[in-house]
Amino acid sequence: MRIPFGTQSYQHRSRPVSAQRMVNAYLETPPTAKEVPPVVQSFGIRSLSTVGNGPMRGGCVINGVPFVVSGNKLFRVNSAGTGTELGTIPGLRYVDMIGDSDEVICVTEGNMYRYFDGAVAQVIDPDFPGAQWVEYLDGYAIVGPGDGTVYVNQTPGDFSGWNALDFASAEGAPDDILGCIVDHRQVFLGGKETIEIWENTGNADFPLERSPGGFIELGLGATFGFAKNSNTVFFYASDGTIRMLNGYDPQRVSTHAVEQAIESYADKNCYTLTWMESGHAMVAFVWAEGTWVYDLSTQLWHERQSYGMTRWRPAVILRAFGSWLVGDHTSNKLGTLDPETFSEWGDVLRWSATCPSINRENQFLRHQRLELVFETGVGLISGQGSDPQTMLRFSDDGGRTWSNEHWRSMGSMGAYRTRAVWNRLGMARDRVYEISVSDPVRRTLVEANLYG
């Protein structure tokens, strides 16, 4: 019997319904696919440098140059990962950032800071309304103070001057605007109950006007809950789902299992990350208690989890110098996403997959032998990983309790004919298997076969 380990994360609150998980792993669908697609590891994080005192609070790329806020300082980062300090950004919270050819704007804790002409200074124009978030369009900084209004700077390209009359408010419904994203030169204003789409019409009084038909009867669930990847806007919605916009139609892409996990989180605030892994377009929604990743290539969900944590460590992912630059929300570390790295900044990167339930009309089935076909012979020359191990455990009650771990070798370097086989695994009416790998080696599961 072929076991489809490669499915998705779908751990139902009633575990006997489904206990499936994929953590730091996802499906790969080759053009000449086998019967069951293989399970591959997520990219690791290769150490690059340390910048400032940390933690990383935000970042952006302007004209190919990355800028990050580490601790309470703004830095410009070069291709070697070396940071040049530019000035002070006070506070402890997330920093939303934009910029143009010669300015960098940082918004945090209601304040705006402007890097210009070699220095960072707070925007102190008495007409500046305060800002919870910032977006960029046609030389305008679009900001929202969190009260249902939207402001833009007075002169395009100059973010220092503001006019108290240069604002607009939600028109389709009386709704406080939580957050915003700009896509295809359209401004998506996310309120608590609705989303309005505005455009730059060049109006002399106020450049932004609502687009005809630009109204969505669903709100935004968190200030930084918008994301865009592959020409598409995604958002964490006010009804607890995750949506993808098809035109102005918010199509649900989250599963019941994802939504149940979100419901269980004490803090519903999240932020988003987007990147590519070998052609897989990824959109991550990061909560304090978990990180869920939607893979656009397969339209399946998996989880990312850093060792010893319930969530994934990156605070920011930026495309710069031909790589994906990653900043750590727990420290001052920078790194790059790398398919040939099997750790995160040198820490353990644990890969695991849990298969769907194995059952047949609630009858006892014999589990005589389980064979996992890995890419074998991947061991290192010395140290941890010289004889890499895969760990197996199983549950006969829907994933509520588990057996002890049973280890098998994946083959030392060059031992390509190694097989991971477990014999005499007993009988069960309803069983799920979990496999995991922690050694710093490539872990690709090609197929899994169960013999009765």
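**View 1. Leu-74 stands opposite Gly-87 of β9 in this predicted model, in a close-up of strands β7, β8 and β9**. The pair formed by Leu-74 and Gly-87 belongs to an antiparallel arrangement in which five bridges join β8 to strand β9, the latter made up of residues 83-88. The hairpin of β8 and β9 has five residues between its strands, and within this hairpin Gly-81 takes a positive phi near 90°. On the other side of the sequence of β8 comes strand β7 (residues 65-70), which pairs with β8 (residues 73-77) in the antiparallel sense over four bridges. Phe-67 stands opposite Arg-76 in β8, and the hairpin that β7 and β8 form has two residues between the strands, with Gly-71 in the turn at a positive phi of about 65°.

**View 2. An open sheet of four strands follows the order β18-β19-β20-β21, with antiparallel pairing**. The edges of this sheet are occupied by β18 (177-183) and β21 (208-216), each of which pairs on one side only. From one strand to the next, the twist averages 30°. Within the sheet, strand β19 (residues 186-191) and strand β20 (residues 195-200) pair over five bridges in the antiparallel sense, and Gly-190 stands opposite Ile-195 in β20.

**View 3. The largest pocket holds about 980 Å³ of space**. It is lined by 32 residues, of which Gly-59, Asp-96, Met-97, Glu-135 and Lys-228 are the closest to its centre. Seen by element, β6 (56-62), β10 (96-99), β14 (133-137), β18, β22 (226-229), β26 (271-277) and β30 (314-320) each supply at least two residues of the lining of this pocket. The largest share of that lining, five residues, comes from β30. Seen by residue class, the lining of the largest pocket comprises 23 nonpolar, five polar and four charged residues. Strand β18 thus appears in two of these legends, as an edge strand of the open sheet and as a contributor to the lining of the largest pocket.

**View 4. The second largest pocket has a volume of about 640 Å³**. Among the 25 residues that line this second pocket, Arg-93, Tyr-94, Phe-224, Asn-269 and Tyr-271 are the closest to its centre. Strands β6, β11 (103-108) and β27 (280-287) each supply at least two residues of the lining of the second largest pocket. By class, the residues of this lining divide into 14 nonpolar, six polar and five charged. Strand β6 supplies at least two residues to the lining of the second largest pocket, as it also does for the largest pocket.

**View 5. The peptide bond from Gly-54 to Pro-55 is cis**. The omega angle of this bond is near 0°, and Pro-55 has its place in the loop between β5 (44-50) and β6. The strand that follows this loop, β6, is listed among the strands that supply the lining of the largest pocket.

**View 6. Asp-117 and Asn-362 have positive phi values in residues other than glycine**. For Asp-117 the phi is near 55°, and the residue is placed in the loop between β12 (111-116) and β13 (119-122). Because exposed is taken to mean over 50% relative accessible area, Asp-117, at 72% relative accessibility, counts as exposed. Asn-362, with phi near 60°, is found in the loop between β36 (358-359) and β37 (365-366). The relative accessible area of Asn-362 is 54%, so this residue is likewise classed as exposed.

**View 7. Arg-21 lies in strand β2, which spans residues 19-23**. At 22% relative accessibility, Arg-21 counts as partly exposed, because the class of buried residues is restricted to values under 20%. Leaving aside neighbours within four places in sequence, Arg-21 is in contact with Gln-8, Ser-9, Gln-11, Glu-303, Gln-305, Ser-352, Ala-353 and Thr-354. Arg-21 and Gly-6 are 15 residues apart in sequence, and their C-alpha atoms are 9.4 Å apart in space.

Technical notes. Residues are numbered from 1 along each chain as its sequence is written. This is a predicted model: local features need pLDDT of at least 70, side-chain atom pairs count only at pLDDT 80 or more; totals for chains, interfaces and linings use all residues. Side-chain values use heavy atoms; hydrogens and water are left out. Two strands pair if DSSP finds at least two bridges between them. Axes are lines fitted to C-alpha atoms, for helices over the stretch in contact, and angles run from 0 to 180 degrees between N-to-C directions. On a 1 Å grid over the protein atoms alone, a cavity is a set of points where a 1.4 Å probe fits but cannot get out, and a pocket is an open set with protein on both sides within 12 Å along at least five of seven lines; lining residues have an atom within 4 Å of a point. Grid points are joined across faces, edges and corners, and a volume is the space filled by probe spheres set on the points. Ala, Val, Leu, Ile, Met, Phe, Trp, Tyr, Cys and Pro count as nonpolar, Asp, Glu, Lys and Arg as charged, and the others, Gly among them, as polar. Buried means under 20% relative accessible area, exposed over 50%, partly exposed in between (1.4 Å probe, protein chains only). Contact means heavy atoms within 4.5 Å.
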